[in-house]
Amino acid sequence: MERTLVLVKPDGVQRGLAGEIIGRLERTGLQIIGIKLMQISDELAATHYGEHEGKPFYAGLVGFITSSPVVAICLEGPSAISTTRKIMGATNPADSAPGTIRGDFGVDMGRNLIHGSANEDDAAREVSLFFNDSELTSYDRATQPWIVE
Ligand code: DAT
Ligand code: MG
């Protein structure tokens, strides 16, 4: 079982697309094991986006992600990381296929609606950045045998 961190970014929340975005991910069968609305601090943004420090878009990125609340979600399931990335679409909405979240709802790289962890190391780091162990809940679903063989 894999875990990944998803953020519905401030543009997604402000535009009333949080439910649509979460619904698309939920319908895959991936299981929500943690979810909360939260305001990202400058410090958390700097840690989360540390890999981009020094790049020309860094200040805008941190300013954007801290500008208004996000919905943070931890999803669990087989291939949770790659499945989420596939449903998100490419980083630039202009390059994202129709049917993806970014392709359907975005037009600008700086307003691309959703974050999803890129790989296993990032996912482990990001899930623990955004969630305490006590905020992640393990629970059985009656539908599980209809989702995973
Ligand atoms: P992703 O969010 O698809 O994982 P990333 O980790 O490379 O992409 O970058 C994080 C965010 O930074 C991305 O969602 C949008 C912004 N970003 C990335 N590259 C950019 C660029 N060249 N110009 C402007 N914003 C950029
Ligand atoms: Mg990334």
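Mentor: A word on records before we look. UniProt positions are given here in the numbering used for this chain, feature names are shortened, and annotations may be inferred rather than shown by experiment. With that in mind, UniProt places "domain: Nucleoside diphosphate kinase-like" at residues 1-138, in an unreviewed entry.

Trainee: What kind of model is this, and how are residues numbered?

Mentor: This is a predicted model: local features need pLDDT of at least 70, side-chain atom pairs count only at pLDDT 80 or more, and totals for chains, interfaces and linings use all residues. Residues are numbered from 1 along each chain as its sequence is written, chains are lettered from A and ligands numbered from 1 in the order in which they are written, and side-chain values use heavy atoms, with hydrogens and water left out.

Trainee: How many helices and strands does the chain have?

Mentor: First, the rule. Helices are DSSP runs of H or I with at least four residues, strands are runs of E with at least two, and both are numbered from the N terminus. Here that gives eight helices and four strands. Read from the N terminus, the order is β-α-α-β-α-α-β-α-α-β-α-α. Within residues 1-138, 39% is helix and 19% is strand. The end C-alpha atoms of that span lie 12 Å apart.

Trainee: Why does the radius of gyration agree with a compact globule?

Mentor: The radius is taken over C-alpha atoms, and the globule rule is 2.2 Å times the number of residues to the power 0.38. For 149 residues the rule gives a value near 15 Å, and the chain has 15 Å, so the two agree. The C-alpha atoms fill a box of roughly 45 × 35 × 25 Å along the principal axes.

Trainee: What share of the residues is buried?

Mentor: Buried means under 20% relative accessible area, exposed means over 50%, and partly exposed is in between (1.4 Å probe, protein chains only). By that test, 48% of the 149 residues are buried.

Trainee: Where does UniProt put the "active site"?

Mentor: The unreviewed entry lists His 115. His 115 sits in strand β4, residues 114-116. Its relative accessibility is 10%, so His 115 counts as buried.

Trainee: Which residues does His 115 touch?

Mentor: Contact means heavy atoms within 4.5 Å. Leave out residues up to four places away in sequence, and His 115 touches Leu 5, Val 6, Leu 7, Lys 9, His 48, Tyr 49, Met 88 and Glu 126. Widen the view to the chain's contacts between residues at least 6 apart in sequence: 77% of them join residues at least 24 apart.

Trainee: Which residues of α5 are buried?

Mentor: Start with the general idea. An α-helix has 3.6 residues a turn, so residues three or four places apart point the same way. In α5 (80-88), the buried residues are Ala 80, Ile 81, Thr 83, Thr 84, Ile 87 and Met 88. They pack against β1 (2-8), α2 (18-26), β3 (70-77), α6, β4 and α7 (120-130).

Trainee: What happens just after α5?

Mentor: Gly 89 takes a positive phi of about 95° there. Farther along, Thr 100 is found in the loop between α5 and α6 (101-105). Thr 100 counts as buried because its relative accessibility is 9%. Beyond four places in sequence, Thr 100 touches Arg 24, Lys 86, Ile 87, Met 88 and Gly 89.

Trainee: Which residues other than glycine take a positive phi?

Mentor: Two to look at are Ser 79, at about 50°, and Leu 113, near 75°. Ser 79 is in the loop between β3 and α5. With a relative accessible area of 38%, Ser 79 is partly exposed. Leu 113 is in the loop between α6 and β4. Its relative accessible area is 0%, so Leu 113 is buried.

Trainee: Is Gly 54 buried or exposed?

Mentor: Exposed, because its relative accessibility is 71%. Gly 54 lies in the loop between α3 (42-48) and α4 (58-65).

Trainee: What does Glu 2 contact?

Mentor: Glu 2 is in strand β1. Setting aside neighbours within four places, its contacts include Leu 75, Ser 79, Ala 80 and Glu 120. The C-alpha atoms of Glu 2 and Val 148 are 13 Å apart, though their positions lie 146 residues apart along the chain.
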